[in-house]
Amino acid sequence: MERVAVYPGTFDPFTNGHLDIAVRATKLFDRVIIGVAEENYKDNLFSLEERVSLVREVVKGYDRIAVTGFFGLLVDFAVANGAIAVVRGLRAVSDFEYEFQMSLMNKKLREDIETVFLMTSSEYAFLSSRIIKQIASLNGCIDGLVPPLVEAALRRKFASKGP
Ligand code: ADP
């Protein structure tokens with residue numbers, strides 16, 4: 001039986017920390033589906049369509065990673081895709097409380113879906129989409145922290161927003 005996992009997130013935008021988690025998850029699962037959440041309660045820089053197409057472009061060389069946008073409950077998305085697990089990344093203790101709560105709630109909603117946490121790689125431990133947006137908005141260097149096409153998209157976005 002094929003073992004499928006979903007890796008959900010807002011990915012606003014997708015960073016090398018996210019890519020690292022997705023690629024490492026393919027060592028544990030046959031197929032990893034990156035679920036780009038609509039998250040309409042968050043003030044996103046990129047639209048859902050932009051985020052999905054950026055992530056797709058970044059992972060196009062990885063044949064066991066797929067990308068889809070999703071609305072609604074994560075566990076419903078997981079079940080609809082035949083997943084047995086949800087993958088999440090953990091950076092610091094500060095991630096833990098929220099992630100712990102979410103995983104318990106998801107377990108309550110769907111007992112058969114497990115949440116699997118992968119620890120960040122040390123080089124990305126400080127990396128978040130929020131910090132990337134802050135640095136990019138101030139024209140700082142984000143080399144090596146996001147895929148080059150994400151960096152280009154950030155530069156275009158902030159150039160079009162003006163100073
Ligand atoms: P959220 O789903 O909370 O909006 P993100 O879209 O930023 O979060 O991230 C999706 C998942 O990837 C989360 O589990 C988050 O903890 C994890 N993640 C984000 N950045 C990193 C990183 N640098 N290293 C490891 N995991 C990360």
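Modeller: Before we start, one term: two residues are in contact when they have heavy atoms within 4.5 Å of each other. Also keep in mind that this is a predicted model.

Biologist: Fine. Of the contacts in the protein with a separation of 6 or more, what share comes from residues 24 or more positions apart?

Modeller: Here we only look at pairs with a separation of 6 or more. Among those contacts, residues 24 or more positions apart account for 74%.

Biologist: And what pattern does the protein follow, read along the sequence?

Modeller: The parts to place are six helices and five strands. Going along the sequence, they come in the order β-α-β-α-β-α-β-α-β-α-α.

Biologist: What radius of gyration does the protein have, next to that of a compact globule?

Modeller: The C-alpha trace spans about 50 × 35 × 30 Å along its principal axes. A compact globule of 163 residues would have a radius of gyration near 15 Å, and the protein agrees with that, at 16 Å.

Biologist: How much of the accessible surface belongs to carbon and sulfur atoms?

Modeller: Start with burial: 44% of the 163 residues count as buried. The accessible surface comes to about 9,100 Å². The part of that surface belonging to carbon and sulfur atoms is 56%.

Biologist: How far apart are the mean positions of the positive and negative charges?

Modeller: There are 20 positive and 21 negative charges to average. The distance between their two mean positions is 1 Å.

Biologist: Let's go to the helices. Where do the buried residues of H5 fall, seen down its axis?

Modeller: H5 covers residues 129–137, and its buried residues are Ser129, Ile132 and Ala136. In an α-helix, residues three or four places apart point the same way, because there are 3.6 residues a turn. In H5 the buried ones fall within an arc of 60°, so they line one face of the helix.

Biologist: Which helices are included in what covers the buried residues of H5?

Modeller: The residues being covered are Ser129, Ile132 and Ala136. Their cover includes helix H1 (16–25) and helix H6 (148–161).

Biologist: How wide an arc do the buried residues of H2 cover around the axis?

Modeller: In H2 (residues 48–58) the buried residues are Leu48, Arg51, Val52, Leu54, Val55 and Val58. They sit on the same side of H2, because the arc they cover is only 165°.

Biologist: And which strands are included in what covers the buried residues of H2?

Modeller: Helices H1 and H6 are part of that cover. The strands included are S2 (31–37) and S3 (65–70).

Biologist: Now the backbone oddities. Which two residues does a cis peptide bond join?

Modeller: Most peptide bonds are trans. Here there is a cis one with omega about 0°. One of its partners is found in the loop between S1 and H1. The bond joins aspartate 12 and proline 13.

Biologist: Is phenylalanine 11 buried or exposed?

Modeller: Phenylalanine 11 is found in the loop between S1 and H1, and its phi is positive, about 50°, although it is not a glycine. The cut-off for burial is under 20% relative accessible area. With 4%, phenylalanine 11 is therefore buried.

Biologist: Does asparagine 139 count as buried or exposed?

Modeller: Asparagine 139 has its place in the loop between H5 and H6, just after H5, and takes a positive phi of about 65°. Exposed means over 50% relative accessible area. At 63%, asparagine 139 therefore counts as exposed.

Biologist: How far apart in space are aspartate 43 and aspartate 12?

Modeller: Aspartate 43 lies in the loop between S2 and H2, and at 77% relative accessibility it counts as exposed. In sequence, aspartate 43 and aspartate 12 are 31 residues apart. In space, C-alpha to C-alpha, the distance is 9.7 Å.

Biologist: Leaving aside its neighbours within four places in sequence, which residues is serine 103 in contact with?

Modeller: Serine 103 lies in helix H4 (residues 93–109) and counts as buried, at 13% relative accessibility. Beyond those sequence neighbours, its contacts are Thr115 and Phe117.

Biologist: Last one: which residues is methionine 1 in contact with, again leaving aside neighbours within four places in sequence?

Modeller: Methionine 1 is found in the segment before strand S1 (4–9), and at 83% relative accessibility it counts as exposed. Methionine 1 and alanine 159 are 48 Å apart, C-alpha to C-alpha. The contacts of methionine 1 are with Asp30 and Ile84.

Technical notes: Residues numbered from 1 in each chain as written. Predicted model: local features only at pLDDT ≥ 70, side-chain atom pairs only at ≥ 80, totals over all residues. Heavy atoms only, no water. Helix = DSSP H or I, 4+ residues; strand = E, 2+ residues; numbered from the N terminus. Rg over C-alpha atoms; globule rule 2.2 N^0.38 Å. Buried < 20%, exposed > 50% of the residue type's maximum accessible area, 1.4 Å probe, protein only. Areas by Shrake-Rupley, 256 points an atom, 1.4 Å probe, with all protein chains shown as cover. Lys, Arg positive; Asp, Glu negative; His and termini not counted. Charge placed at Lys NZ, Arg CZ, Asp CG, Glu CD. Arc of directions from axis to C-beta.
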